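Hi,

Here is the structure I promised to pass on to you. Have a look at it first, and then read my notes underneath.

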Amino acid sequence: MHNRMNTTAPDWDLYRSFLGVMTHGSLSAAARALGLTQPTIGRHVETLEQALGAPLFTRSPGGLRPTDTALALRPHAEAMAASAEALIRTASGEADAVRGAIRLTASEIMGAEVLPPILTEFHELHPDVIIEMVLSNRQEDLLRRDCDIAVRMARPTQDALLARRIGTVDVGLFAHRRYTEKHGEPDMLTDPNHTAIGFDRDASVVRAVQAVNLPLDREFFAYRSDNDLAQLAALRAGYGVGGCMFGIARREPELVQVLRGIGFSMEMWVVMHEDLKASRRMRLMFDHLVASLTAYAAMSRKPA
């Protein structure tokens with residue numbers, strides 16, 4: 001039993017192994033993920049426990065179960081991991097060089113449907129820049145350097161960020177032509193004769209729907225998913241009626257707008273940490289995203 005804390009700060013390798021076990025649930029799985037041996041991972045965890053003066057894991061039939069100390073330590077270890085990755089990205093290219101890594105984050109729908117051609121154009125201009133893409137509807141922490149640059153569909157709330165408002169993108173209701181040919185178009189939003197595609201359990205989506213006064217809850221939808229790409233795939237398959245950005249729908253003639261009076265708008269922002277302004281590749285990417293997404297926003301407005 002540990003009862004005395006070592007005053008020497010443990011090095012990053014120990015926390016890296018600890019975080020690997022927390023993430024993957026066992027020494028062997030952490031070793032595979034980190035490219036180390038199982039004894040090395042075990043030794044790192046034991047050394048960290050000795051340094052902290054507290055056990056971090058207990059054995060259970062399902063693997064290693066984290067203690068309260070481990071759970072309290074995890075966010076700090078994750079912050080260290082983000083900082084370590086940011087240091088590597090920064091060191092991967094000189095400040096004035098157009099090479100190295102840029103870690104971007106965007107929502108699932110933006111990252112999969114809108115950004116690929118924009119990033120392809122940037123890659124052709126700057127082939128020595130490596131793109132690391134994080135697709136998540138969660139707001140990644142730019143101040144903690146989880147990512148370098150973010151494309152966000154809401155106004156940023158953190159200070160010490162360089163933020164550029166692109167404008168708004170409009171979302172309307174659409175159905176595939178196969179669906180409308182078979183079922184016709186709905187006469188009203190809550191038409192019981194039609195199939196609706198929408199959210200499942202995401203509370204943030206519920207709040208957004210309520211904010212624009214749409215009388216919807218999850219029980220209304222016959223296809224429910226909190227993954228925007230899954231909803232879009234169902235829409236393309238002709239499953240039913242669902243929301244879609246006009247910028248995406250305009251690329252696909254088979255998507256037909258229905259209930260034209262119903263829709264909403266979202267703000268779009270490009271954001272990065274102020275400290276990254278000194279990096280030429282970061283500035284170039286930031287400016288490229290601003291220019292390209294401004295053009296996308298223009299084509300994503302609803303018809304007059």
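Below is what I found, going from the whole chain to helix packing and then to a few single residues.

First, a word on what you are looking at: this is a predicted model. The protein has 10 helices and 10 strands. Of its 304 residues, 45% count as buried. Among contacts between residues at least 6 apart in sequence, 75% join residues at least 24 apart.

**Helices α1, α2 and α3**

As you will know, a pair of packed helices is described by the angle between their axes and the distance between those axes. Let me start with helix α1 (residues 12-24), which packs against helix α2 (residues 27-34) at an angle of about 115°, the axes being 8 Å apart. The crossing of α1 past α2 is right-handed. On the α1 side, the contact is made by Arg16, Ser17, Gly20, Val21 and His24, and on the α2 side by Leu27, Ala29, Ala30, Ala33 and Leu34. Sorted by class, this contact has six nonpolar, three polar and one charged residues.

α1 also packs against helix α3 (residues 38-52), here at an angle of about 110° and again with the axes 8 Å apart. Because of that angle, α1 is roughly perpendicular to α3. This crossing of α1 and α3 is left-handed. The residues that meet are Asp13, Leu14, Tyr15, Ser17, Phe18 and Val21 from α1 and Ile41, His44, Val45, Thr47, Leu48 and Leu52 from α3. They divide into eight nonpolar, three polar and one charged.

How does the span of α3 compare with what 1.5 Å a residue would give? With 15 residues, α3 should span 21 Å, and its end C-alpha atoms are 21 Å apart, which agrees. The buried residues of α3 are Thr40, Ile41, His44, Val45, Leu48, Glu49, Ala51 and Leu52. It may help to recall that an α-helix has 3.6 residues a turn, so residues three or four places apart point the same way. Just after α3 comes Gly53, whose phi is positive, near 75°.

One residue of this helix deserves its own note. His44 is found in α3 and has a relative accessible area of 16%, so it counts as buried. Leaving aside neighbours within four places in sequence, His44 is in contact with Asp13, Leu14, Ser17 and Leu36.

**Helices α5 and α10**

Further along the chain, helix α5 (residues 108-125) and helix α10 (residues 280-299) pack at an angle of about 120°, with their axes 10 Å apart. That angle makes α5 oblique to α10. As for handedness, α5 passes α10 in a right-handed crossing. From α5, the contact involves Met110, Val114, Leu115, Ile118, Leu119, Glu121 and Phe122; from α10, it involves Arg281, Leu284, Met285, His288, Leu289, Ser292, Leu293 and Tyr296. By class there are 11 nonpolar, two polar and two charged residues in this contact.

I checked the span of α10 as well. Its 20 residues should span 28 Å at 1.5 Å a residue, and the end C-alpha atoms are 29 Å apart, which agrees. Buried in α10 are Arg281, Met282, Met285, Phe286, His288, Leu289, Val290, Ser292, Leu293, Tyr296 and Ala297.

**Two residues of strand β10**

Which residues does Val270 touch, not counting those up to four places away in sequence? They are Ile149, Ala150, Leu162, Ala163, Arg164, Ile166, Phe286, Leu289, Val290 and Leu293. Val270 is found in strand β10, and its relative accessible area is 0%, so it is buried. Val270 and Leu162 are 108 residues apart in sequence, yet 8.3 Å apart in space, C-alpha to C-alpha.

The other residue to look at is Leu259. Most residues other than glycine have a negative phi. Leu259 is not a glycine, but its phi is positive, at about 45°. Leu259 is found in β10, which covers residues 255-273. Leu259 is buried too, with a relative accessible area of 14%.

Happy browsing, and all the best.

Methods:
Residues are numbered from 1 along each chain as its sequence is written. This is a predicted model: local features need pLDDT of at least 70, side-chain atom pairs count only at pLDDT 80 or more; totals for chains, interfaces and linings use all residues. Side-chain values use heavy atoms; hydrogens and water are left out. Axes are lines fitted to C-alpha atoms, for helices over the stretch in contact, and angles run from 0 to 180 degrees between N-to-C directions. Helices (H or I, at least four residues) and strands (E, at least two) are DSSP runs, numbered from the N terminus. Angles under 35 degrees count as roughly parallel, over 145 as roughly antiparallel, 65 to 115 as roughly perpendicular and the rest as oblique. A crossing is left-handed if the near helix is turned anticlockwise from the far one by less than a right angle, and right-handed if clockwise. Contact means heavy atoms within 4.5 Å. Ala, Val, Leu, Ile, Met, Phe, Trp, Tyr, Cys and Pro count as nonpolar, Asp, Glu, Lys and Arg as charged, and the others, Gly among them, as polar. The expected span of a helix is 1.5 Å times one less than its number of residues. Buried means under 20% relative accessible area, exposed over 50%, partly exposed in between (1.4 Å probe, protein chains only).
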